[in-house]
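Work through the exercises below with the coordinates open beside you, and try each task before you read its solution.

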Amino acid sequence: MDFSELIKGLAEKMGIGGEIEVDDEQRCFLEFDDMGVVIQGVDAAEAVVLLAPIGIPPPEDPAQLYRGLLEANYLFQGTSGATLSVNPDGGGVNLCRQLDARALDVERLMQALDAFLNTLASWKAYIDGYRPGAAADGASAEDGAPTSALKDDFILV
């Protein structure tokens with residue numbers, strides 16, 4: 001299934017018909033509860049990438065926050081298969097997940113997108129509420145960062 005067909009199927013499954021526009025670079029932009037997500041097809045890598053900005057950390061003492069981001073990336077234990085990163089242009093934190101396009105259908109994309117949005121919401125709440133030295137609501141006691149476990153239905157590349 002090519003990227004355009006996949007996005008058309010996603011739109012139908014979400015009940016928005018053909019309302020999702022795909023640009024010349026095989027990207028589409030969606031918004032869910034004030035969270036923007038880019039879905040991009042990457043032919044050369046036979047991949048579909050989910051990408052979303054999470055937020056900009058406060059400038060005061062970000063070491064604890066960055067440690068939490070790195071620990072969450074370890075074996076994807078706090079990211080549900082995605083990766084957290086810091087954008088070098090501006091310092092914003094992003095969440096990214098690469099999916100194997102060869103094993104992807106509309107249902108699997110919906111499942112991956114749902115898990116991605118849940119992870120995004122958790123990290124957005126963490127960064128928006130981050131205060132050095134204090135754990136955010138719903139965070140783990142150890143480092144204050146959200147935690148999650150990998151699920152069997154994730155498509156890992």
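The exercises go from the whole chain to its helices and then to single residues.

The model is predicted, so local features are given at pLDDT of at least 70 and side-chain atom pairs at pLDDT 80 or more, while totals for chains, interfaces and linings use all residues. Residues are numbered from 1 along each chain as its sequence is written, and side-chain values use heavy atoms, with hydrogens and water left out.

**Exercise 1. The chain as a whole**

Task: State how many helices and strands the chain has, and in which order the elements run.

Solution: Helices (H or I, at least four residues) and strands (E, at least two) are taken as DSSP runs, numbered from the N terminus. On that basis there are three helices and five strands, and from the N terminus on they follow the order α-β-β-β-α-β-β-α. Of the 157 residues in the chain, 41% are buried (under 20% relative accessible area with a 1.4 Å probe, protein chains only; exposed is over 50%, partly exposed in between). Contacts (heavy atoms within 4.5 Å) can then be sorted by sequence separation: among those with a separation of 6 or more, 60% join residues 24 or more positions apart.

**Exercise 2. Helix lengths**

Task: Compare the expected span of H1 with the distance between its end C-alpha atoms, and do likewise for H3.

Solution: The expected span is 1.5 Å times one less than the number of residues. For the twelve residues of H1 (residues 3-14) this gives 16 Å, which agrees with end C-alpha atoms 16 Å apart. For the 23 residues of H3 the expected value is 33 Å, and the end C-alpha atoms are 32 Å apart, which agrees. Beyond the end of H1 comes Gly15, whose phi is positive, near 80°. At the start of H3, a side-chain oxygen of Asp105 comes to within 3.3 Å of the backbone nitrogen of Glu107.

**Exercise 3. The buried residues of H1**

Task: List the buried residues of H1 and name elements that cover them.

Solution: An α-helix has 3.6 residues a turn, so residues three or four places apart point the same way. In H1 the buried residues are Phe3, Leu6, Ile7, Gly9, Leu10 and Ala11. Their cover includes the strands E1 (27-32), E2 (35-42) and E3 (47-55), together with helix H3 (106-128).

**Exercise 4. The packing of H2 and H3**

Task: Describe how H2 and H3 pack, giving the angle and the distance between their axes.

Solution: Axes are lines fitted to C-alpha atoms over the stretch in contact, and angles run from 0 to 180 degrees between N-to-C directions. Helix H2 (residues 63-73) packs on H3 at about 165°, with the axes 11 Å apart. That makes H2 roughly antiparallel to H3 (an angle over 145 degrees). The contact is formed by Gln64, Leu65, Gly68, Leu69 and Ala72 of H2 with Trp123, Tyr126 and Ile127 of H3.

**Exercise 5. Two buried polar residues**

Task: Are Ser80 and Asn94 buried or exposed, and what does each of them touch or contact?

Solution: Ser80, in the loop between H2 and strand E4 (83-86), has a relative accessible area of 9% and is therefore buried. Its side chain makes a polar contact with the side chain of Thr119 at 3.2 Å (N or O atoms within 3.5 Å, one able to donate a hydrogen and the other to accept it within protein, and residues adjacent in sequence counting only if both atoms are side-chain atoms). Thr119 is itself among the buried residues of H3. Asn94 lies in strand E5 (residues 93-100) and is buried because its relative accessible area is 14%. Leaving out residues up to four places away in sequence, Asn94 touches Leu51, Ala52, Pro53, Ile54, Thr83, Leu84, Ser85 and Asn87.

Terms used. Angles under 35 degrees count as roughly parallel, over 145 as roughly antiparallel, 65 to 115 as roughly perpendicular and the rest as oblique.
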